[in-house]
Amino acid sequence: MAARLAQEWFAICGGCEVTILDVGEPLLDILPNLEIVHMPVLMDHKVYGQTGEKTKMEIPEADVGIITGSIRNEEHKELAKEMRNKCKTLIAMGTCACSGGIPALGNLSTVDDIMEKVYRGSVSTESNGLPKESVPALTDRVYAIHEVVPVDVKLPGCPTTPEIFVEAVSALLAGKKFTLTGKSVCDECPFVREKKAVSELKRPLEPIHFDVGKPLESVRCVLEQGYLCLGPATKSGCGGEAGTPRCIKAYMPCRGCFGPLADTANPMVDMMGALASIGLDAKQIVDRAATFNRFAGAQGRLRPVPQKGGKPS
Ligand code: SF4
Ligand code: SF4
Ligand code: SF4
């Protein structure tokens with residue numbers, strides 16, 4: 001019998017849904033084993049009933065539930081609880097769902113500041129006030145899914161990879177557990193670390209020079225060349241079975257998209273340690289809180305920046 005699948009999307013860009021399409025042919029092997037009962041991106045199934053006749057949001061019962069995106073408003077919060085109630089196994093898919101992702105950069109500002117900057121104070125918005133009815137209120141900050149409801153499986157990545165998605169869903173359908181290793185991107189990186197000091201960090205968009213076709217194993221670690229690479233503070237897994245991280249394969253530094261090494265990890269502390277070990281001062285990076293937590297701003301890692309005088313910005 002096919003397993004029932006429900007999927008919801010919260011504060012997202014839609015990239016994680018595209019990852020499911022990117023699975024390509026292996027998706028044809030998985031689909032016959034799945035009965036999709038709820039997936040707003042794919043089917044017209046409404047949570048208040050097809051004609052809006054219900055007073056409470058409802059999702060059908062399912063064996064597997066997938067949530068993409070972080071929690072940014074009260075509706076997301078309620079839907080996360082409903083997904084948890086109705087799905088036997090709940091997957092948080094993508095870094096937004098696992099650790100806040102890009103939407104959680106909003107945690108650097110208060111809700112009031114966001115409303116002021118984006119709506120009330122915007123030159124392109126008429127000042128007619130903000131709608132209060134039929135529009136869910138923003139939550140006080142952006143939450144990862146597991147901060148609101150327990151999650152069984154986490155598939156990080158911005159977006160996560162098609163390989164991990166297939167591996168996780170196939171494991172669940174076969175009644176097996178799926179977990180990623182606790183390794184870092186550095187642990188899987190073939191570049192050579194010489195552990196010599198560097199004089200300065202290069203500008204973020206400065207191009208990296210490399211010889212096309214040169215084996216990865218003969219290239220010097222790009223962090224040691226002065227390019228900011230978040231490999232030391234980022235969870236591995238983007239390289240699939242082969243292991244080599246996706247960006248490293250393209251001679252690019254890791255931006256940290258698989259999120260922190262663990263829920264309790266502090267990427268800022270990890271990166272400051274990594275930079276200090278090769279003689280670099282993290283204070284050179286002006287917006288280091290956001291840079292080191294670009295994909296990990298939930299769970300209290302990013303907070304409104306206090307202005308002079310103590311008020312958050
Ligand atoms: S994790 Fe990245 S790709 Fe996925 S929804 Fe969030 S921003 Fe988009
Ligand atoms: S810092 Fe970046 S380039 Fe250097 S070993 Fe780690 S992942 Fe590779
Ligand atoms: S190397 Fe880093 S930024 Fe690139 S895909 Fe992997 S985790 Fe994401």
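This passage describes the nonpolar cores, two ligand shells and two buried threonines of a predicted model.

In the predicted model, the largest nonpolar core comprises 26 residues, and those with the most contacts inside it are Ile 66, Met 93, Leu 155, Phe 165 and Phe 178. At least two residues of this core are supplied by each of strand S1 (3–9), H1, helix H2 (26–30), strand S3 (62–68), strand S5 (87–93), strand S7 (153–155) and helix H6 (162–173), with H6 giving the largest share, 6 residues. Because domain 1 (3–173) and domain 2 (182–305) both give residues to this core, it lies between them. Apart from this core lies another, of 25 residues, which includes Phe 191, Val 198, Val 222 and Leu 230. Within the largest core, Leu 155 illustrates the packing: beyond its neighbours up to four places away in sequence, Leu 155 touches Ile 91, Ala 92, Met 93, Gly 94, Cys 98, Thr 160, Ile 164, Phe 165, Ala 168 and Phe 178.

Ligand 1 is surrounded by Ile 12, Cys 13, Gly 15, Cys 16, Gly 94, Thr 95, Cys 96, Gly 157, Cys 158 and Pro 159. Two helices, H1 (15–22) and H4 (95–99), each contribute at least two residues to this shell, whose members divide into 6 nonpolar, 4 polar and no charged residues. The shell around ligand 3 is formed by Thr 234, Cys 238, Pro 245, Arg 246, Cys 247, Cys 254, Arg 255, Gly 256, Cys 257 and Phe 258, and here the division is 6 nonpolar, 2 polar and 2 charged.

Thr 234, one of the residues around ligand 3, is found in the loop between helix H7 (185–188) and helix H8 (246–249). Its relative accessibility is 2%, so Thr 234 counts as buried. The side chain of Thr 234 reaches the backbone oxygen of Leu 230 at 2.6 Å, and Leu 230 is itself among the residues of the 25-residue core. Not counting residues up to four places away in sequence, Thr 234 touches Lys 183, Ser 184, Val 185, Cys 254, Gly 256, Cys 257, Phe 258, Gly 259 and Leu 261.

A second threonine, Thr 139, is located in strand S6 (residues 138–143) and, with a relative accessibility of 1%, counts as buried. A polar atom of the Thr 139 side chain lies 2.8 Å from the backbone oxygen of Arg 141. When neighbours within four places in sequence are left aside, Thr 139 is in contact with Ile 71, Arg 72, Asn 73, Glu 74, Lys 77 and Val 111.

Terms used:
Residues numbered from 1 in each chain as written. Chains lettered and ligands numbered in written order. Predicted model: local features only at pLDDT ≥ 70, side-chain atom pairs only at ≥ 80, totals over all residues. Heavy atoms only, no water. Helix = DSSP H or I, 4+ residues; strand = E, 2+ residues; numbered from the N terminus. Buried < 20%, exposed > 50% of the residue type's maximum accessible area, 1.4 Å probe, protein only. Polar contact = N/O pair within 3.5 Å; in protein donor to acceptor, adjacent residues only side chain to side chain. Contact = heavy atoms within 4.5 Å. Near = heavy atom within 4 Å. Nonpolar A, V, L, I, M, F, W, Y, C, P; charged D, E, K, R; others polar. Core = buried A, V, L, I, M, F, W, Y, C linked by side-chain atoms within 4.5 Å. Domains from an automatic or database assignment.
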